[in-house]
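Me: Could you take a close look at one part of this model, the open sheet, and then set a few individual residues beside it? I would like one connected account rather than a list.

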Amino acid sequence: MRDSHIGGPMLWPGDEPWPLCREPHRREDEGYAPDEIRTSRAAGTWPKSRPWPDAGAPGQDGSVPMMGLAQLFRRDIPALASGPDGADLVQIFRCPFIHGPYGERRYLLRWRHSREAERAERFLAKAPEVPLLRGEDELPEPCVLHPEEVDTYPWAEDGTLPASLIERIDAWDDAQTAERGCDAASYQGDLSIPPGWRVGGYPSWASTGPMAIGCEACATPMRLLLTAEGYEMDADSHSWAPLEDRDQLLQGKASMRGGPAVAQPTRLRFGRDRDLHVFTCPSNPGHPPRWVLA
């Protein structure tokens with residue numbers, strides 16, 4: 001609980017209520033028990049689905065415990081932006097159920113001062129869980145983080161860079177594809193923004209195109225706090241794959257190895273395999289964050 005990680009135990013004082021989602025949730029027909037998901041993953045099998053109790057999602061008309069997705073300490077990740085009053089620990093949660101007809105999700109960001117939290121007399125031994133989850137990819141696989149600092153560059157589209165520079169980038173991409181085919185590197189996939197979970201840097205806009213994200217409280221342009229993504233590597237960004245996860249005798253996409261445990265270690269999914277960007281207000285970190293699927 002004192003590590004930066006995806007999934008796993010939160011640094012949570014024992015006398016503090018666990019966060020709940022109190023909004024109505026979409027009805028579901030079946031789901032997966034968290035413990036059965038864990039057992040199936042260990043065995044390399046797929047869990048069996050079960051019907052929802054009383055033909056409706058738990059908490060259909062009440063509250064359900066949020067799912068802890070991640071916690072990040074600035075002592076592990078120096079580039080992590082400060083929270084209110086210099087808070088240096090951020091914890092991310094997601095409601096395990098769907099809201100509304102279009103698959104809307106509810107997220108929660110919690111800031112803490114790590115030294116203050118670590119002085120608690122007792123800590124929560126196990127976070128509460130719902131009996132069933134709507135999908136196997138709702139349960140994060142605990143992963144301790146080993147951050148690596150890299151240089152990143154803006155997404156090249158619709159004014160994010162000067163038009164003349166975007167033209168040069170497009171021409172370079174075309175030349176690489178003509179020379180190397182499907183294994184050619186590209187600016188967007190291989191050189192500008194890495195895949196996977198990342199702190200700071202620039203947002204990717206592969207699905208939506210660039211968006212202006214302003215603070216709803218004060219209209220200040222917001223900064224990217226972090227990005228959550230299910231896959232740490234994929235065929236479109238294979239050059240970011242760590243050397244230890246490549247077959248040195250092969251080139252390009254064919255060199256990637258390790259299977260789901262390496263490519264998707266957290267086992268999470270955001271939208272239809274999109275990036276979840278979390279933006280905060282640089283003028284006042286206490287203003288509500290914004291959550292953008294892109």
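Reply: What follows begins with the sheet and then turns to two residues, one after the other. The model is a predicted one, and the description should be read in that light. The open sheet has five strands, which come in the order S8-S7-S6-S1-S9 and pair in antiparallel fashion. Because strand S8 (107-112) and strand S9 (143-144) each have a single partner strand, they stand at the edges, and one side of each is left without a neighbour in the sheet. Within this order, strand S6 (residues 67-73) and strand S7 (residues 89-94) run antiparallel and are joined by six bridges, and Leu 72 has Val 90 of S7 standing opposite.

Turning to the first residue, Arg 41 belongs to helix H1, which covers residues 34-43. Arg 41 counts as buried because its relative accessibility is 13%, where the cut-off for that class is under 20%. Once neighbours within four places in sequence are left aside, Arg 41 is in contact with Glu 136, Leu 139, Pro 140, Glu 141 and Arg 267.

The second residue, Gln 251, lies in the loop that runs between strand S11 (223-228) and helix H5 (260-263). With a relative accessible area of 62%, Gln 251 is exposed, since that class calls for a value over 50%. Although Gln 251 and Asp 183 are 68 residues apart in sequence, their C-alpha atoms are 8.0 Å apart in space.

Notes:
Residues are numbered from 1 along each chain as its sequence is written. This is a predicted model: local features need pLDDT of at least 70, side-chain atom pairs count only at pLDDT 80 or more; totals for chains, interfaces and linings use all residues. Side-chain values use heavy atoms; hydrogens and water are left out. Two strands pair if DSSP finds at least two bridges between them. Helices (H or I, at least four residues) and strands (E, at least two) are DSSP runs, numbered from the N terminus. Buried means under 20% relative accessible area, exposed over 50%, partly exposed in between (1.4 Å probe, protein chains only). Contact means heavy atoms within 4.5 Å.
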